[in-house]
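Colleague: I've got a new model on my screen and I'm not sure how to read it. Could you walk me through it?

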Amino acid sequence: MSRFTGLLRRTFGVIREHVGTDHLGNKYYFIPEQKSWTGRLVRAKRMVVAANPTEYEYMEGNIPMEWDAWIRGRRKEPPSVEELLKNESQREAIKLKAKEVEEKDLALQAKEYEEGLVATPARTVAKGHAASTSFGKQEISEDPTSTANTFQPGSWMPTSKK
């Protein structure tokens, strides 16, 4: 860094170098190591300016993996356009293969169910939680039960719990 560029940076603030833009519109910058106006050394930084700057609209995956690795310092060089396109096509191919395998698996399961090789999954409905002692049992209530026609005030007495 020359003295002139250092003087400009100290006078006008941080100068950031545009490194690239992804397909979502996020812009990536590199701020080189520099001295502050007090003479302290400020280390190099990498940053992203999001295309969608509001936090509540951010979703996971808004920064591609390759750019995320560059921002976090896991890779030295920013990703190239060719690399991004190649990786995206590989991801799409994997998604297609996974969909095909899932369809084949569902067809095989249906065939096995029809032939009787595999029992169909039973659908059970149970009230309560499996960890409770009364799971699956009919609960016996100590509350009075009666209809409006036969109810007598004071006819029910609570049982003593020991």
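Modeller: Sure, let's go from the overall layout to the sheet and then to a spot on the surface. Keep in mind that this is a predicted model.

Colleague: Which helices and strands does the protein chain have, and in what order do they run?

Modeller: Read the elements from the N terminus on: here they go α-β-β-β-β-β-α-α. That comes to 3 helices and 5 strands.

Colleague: How do the strands make a sheet, and what is their order?

Modeller: Look at which strand pairs with which. In this chain, 3 strands form an open sheet in the order S1-S2-S5, with antiparallel pairing. Strands S1 (17-21) and S5 (45-49) are the edges, each pairing on one side only. From one strand to the next, the twist averages 25°. For a closer look, take S2 (residues 27-31), which pairs with S5 over 5 bridges. There, Tyr29 stands opposite Met47 in S5.

Colleague: What share of the residues is buried?

Modeller: Buried residues make up 11% of the 162 in the chain. The chain exposes about 14500 Å², and carbon and sulfur atoms supply 56% of that.

Colleague: Which residues form a nonpolar patch on the surface?

Modeller: Check Tyr113, Leu117 and Val118: together they have about 260 Å² of accessible area. Val118 sits in the segment after helix H3 (81-115).

Colleague: Why does Val118 count as partly exposed?

Modeller: Because its relative accessibility is 34%, and partly exposed covers what lies between under 20% (buried) and over 50% (exposed).

Note on methods:
Residues numbered from 1 in each chain as written. Predicted model: local features only at pLDDT ≥ 70, side-chain atom pairs only at ≥ 80, totals over all residues. Heavy atoms only, no water. Patch = residues over 30% accessible without salt bridge, like charges linked within 9 Å, V, L, I, M, F, W, Y side chains within 5 Å. Areas by Shrake-Rupley, 256 points an atom, 1.4 Å probe, with all protein chains shown as cover. Salt bridge = Lys/Arg side-chain N within 4 Å of Asp/Glu carboxyl O. Helix = DSSP H or I, 4+ residues; strand = E, 2+ residues; numbered from the N terminus. Buried < 20%, exposed > 50% of the residue type's maximum accessible area, 1.4 Å probe, protein only. Pairing = 2+ DSSP bridges. Axes fitted to C-alpha atoms, helices over the stretch in contact; angles between N-to-C directions.
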